[in-house]
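Biologist: I'd like a close look at one part of this model, the charged side chains and how they pair up. Take your time and walk me through it.

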Amino acid sequence: MLGFSFAANAQSGTDASPPLQVEWNARLRHEQVDDDAFHRDAQADTLRLRLGLRANFGSGWSGFIEGAGVASANDHYNSGANGQTQYPGITDPHGTELNQAWLAWQGSDFGAKVGRQEIVLDNQRWVGNVAWRQFEQTFDAVALQWKPVADWTLRYDWLDRVNRVAGPDALNPLARKRLLNTHLFNAAWVHGNQQVSGYAYLHKDKDVATASTATYGARWVGKPSPDGGFGWALEGARQHDYANNPQNFSHSYWLMEPSWTQWGVTGKLAWEHLGGDGHTALQTPLATLHAFNGWDDQFTVTPVNGLEDYYVSLNGNLGKQGWASKLGWVVAYHDYHADKGSTHYGDEWNASLSFPLVPGLTGLVKVASYRADHYARDDTKVWLQLEWQGKQPL
């Protein structure tokens, strides 16, 4: 998840790319939710298809247009669009939408992209595309990138609108999209196995004034050598009210995530802090939230008393050679506490196994189990998934 996806996307506009290319992604998923706050379990069987056409016009110019459609085999869940509120929520509604439509130019050290697009910054803690859900998050935006020297990348993104994962038919219009006037500044230095980035994210939400914030921070990541060893991710930030926000607050964020890799297994022992004062709390409304604070998604909105997430995780592959080396597994445990006060929110176990079947086709089994304590209710989620993706020059 580290790095700058814009550079990779922009390279599709080089003259080495085929003039026209069809790209597709199909994902079949079963998701089941057992939430003690509801009498009925939720079950969603959905099929997502994204189909896009990428064009290379030469001289650094490229364009991309992509549609997305989601079909659902049943309504035994609350999608946010079907009105089935007697079931727990699974935000994968059926429907169709224009997912991306952009025009880009990429030179030797400067690139620009205009239109509806994915935007992924650093590890997606503040800005991401929420790729886990069937409808992903995109932005109507202008994205600029400049590499003044080889080790430095400077980015500026202006966001006019966010198209959220609830889909085009969500009953709550603010769950579908929000109008913005957001300025994202990000500078990154990459050298060897280390990356240091600094950022200023000035986020104005025209539809929800209390979501407008200014966030300033820095992130330092070190990767272990190919033979393993010590790695780390350290990040600190400060978030304030901004623009049209009627509230007055200032909250801290920090992450300390040391890791050790040995025999192909990486272990992490970490602490993530999202500040709160009992009235307001640090929020990350443009983030890929599913990737943080447990897969059960209990903390997509930070409680007003803030959040302390202490977690340990192990991940690796089942073998070093052959097919077993392609089987990826993750096990993680989270312990949640309030920042203000001594409230224990509960704890959570996560586990997953991904496996390739044929080229382009991947399977996934994934489980999240949250046990409540003075917050929410016990909840367990299970996912079974097949995903097929590819591309074909025309």
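Which residues are linked in a network of salt bridges?

Modeller: Arg29, Glu31, Asp92 and Arg133 are the ones linked in a network of salt bridges. Keep in mind that this is a predicted model. The structure holds 14 salt bridges, and a few of the pairs deserve a walk-through.

Start with Glu387 and Arg48. These two form a salt bridge, with the closest N and O atoms 3.7 Å apart. The pair links distant parts of the chain: Glu387 is in strand 18 (residues 379-393) and Arg48 in strand 2 (residues 42-58), 339 residues apart. On the solvent side of things, Arg48 has a relative accessible area of 0% and is buried. Glu387 comes in at 17% relative accessibility, and it counts as buried because the cut-off is under 20%.

Next up is Asp140 with Arg161, a salt bridge whose closest N and O atoms are 3.2 Å apart. Again the pair links distant parts of the chain, with Asp140 in strand 6 (residues 138-146), Arg161 in strand 7 (residues 152-163), and their positions 21 residues apart. Both partners are buried: Asp140 is, and so is Arg161. For Asp140 the relative accessible area is 15%, so it falls under the 20% limit for buried. If you look past its neighbours within four places in sequence, Asp140 is in contact with Gly115, Arg116, Trp158, Leu159, Asp160, Arg161 and Asn163.

The third pair is Glu235 and Arg219, which form a salt bridge with the closest N and O atoms 2.8 Å apart. Glu235 lies in strand 11 (residues 229-241) and Arg219 in strand 10 (residues 213-222), so this salt bridge ties together parts that are 16 residues apart in sequence. Glu235 is buried, with a relative accessible area of 6%, and Arg219 is buried with a relative accessible area of 6% as well.

Now for the nonpolar surroundings. The largest nonpolar core has 28 residues, and those touching the most other members are Ile119, Trp126, Val127, Phe139, Leu159, Tyr253 and Tyr345. Several strands each supply at least two residues of this core, including strand 6, strand 7 and strand 11; strand 8 (177-191), strand 9 (194-203), strand 12 (250-262), strand 13 (265-274) and strand 14 (307-317) are also among them. Phe139 is a handy place to see charged and nonpolar side chains meet: leaving out residues up to four places away in sequence, its contacts include Ile119, Val127, Leu159 and Leu286, and Arg116 and Arg161 are on that list too. That brings us back to Arg161, the salt-bridge partner of Asp140. Leu159 is another shared name, being among the contacts of Asp140 and of Phe139. There is also a second, separate core of 6 residues, which includes Val33, Ala44, Tyr77 and Ile90.

Back in strand 18, Gln389 makes a good contrast with the buried charges. Gln389 is found in that strand, and it is partly exposed, with a relative accessible area of 48%. Not counting residues up to four places away in sequence, Gln389 touches Trp24, Asn25 and Gly360. With Asn25 there is a polar contact between the two side chains, at 3.3 Å. For a sense of scale, the C-alpha atoms of Gln389 and Asn293 are separated by 28 Å, the two residues being 96 apart along the chain.

Zooming out, the protein has 2 helices and 18 strands. Buried residues make up 49% of its 394 residues. Among contacts between residues at least 6 apart in sequence, 59% join residues at least 24 apart. The radius of gyration is 21 Å, which agrees with the value near 21 Å that a compact globule of 394 residues would have. Along the principal axes, the C-alpha atoms fill a box of roughly 60 × 50 × 45 Å.

One last word on confidence. The mean pLDDT is 94, and 96% of the residues reach 70 or more. The stretch to watch is residues 1-14, where pLDDT stays under 50 and the model has 41 contacts beyond four places in sequence. Where pLDDT is low, the predicted coordinates should not be read in detail.

Terms used: Residues numbered from 1 in each chain as written. Predicted model: local features only at pLDDT ≥ 70, side-chain atom pairs only at ≥ 80, totals over all residues. Heavy atoms only, no water. Salt bridge = Lys/Arg side-chain N within 4 Å of Asp/Glu carboxyl O. Helix = DSSP H or I, 4+ residues; strand = E, 2+ residues; numbered from the N terminus. Buried < 20%, exposed > 50% of the residue type's maximum accessible area, 1.4 Å probe, protein only. Core = buried A, V, L, I, M, F, W, Y, C linked by side-chain atoms within 4.5 Å. Contact = heavy atoms within 4.5 Å. Polar contact = N/O pair within 3.5 Å; in protein donor to acceptor, adjacent residues only side chain to side chain. pLDDT = per-residue confidence, 0-100. Rg over C-alpha atoms; globule rule 2.2 N^0.38 Å.
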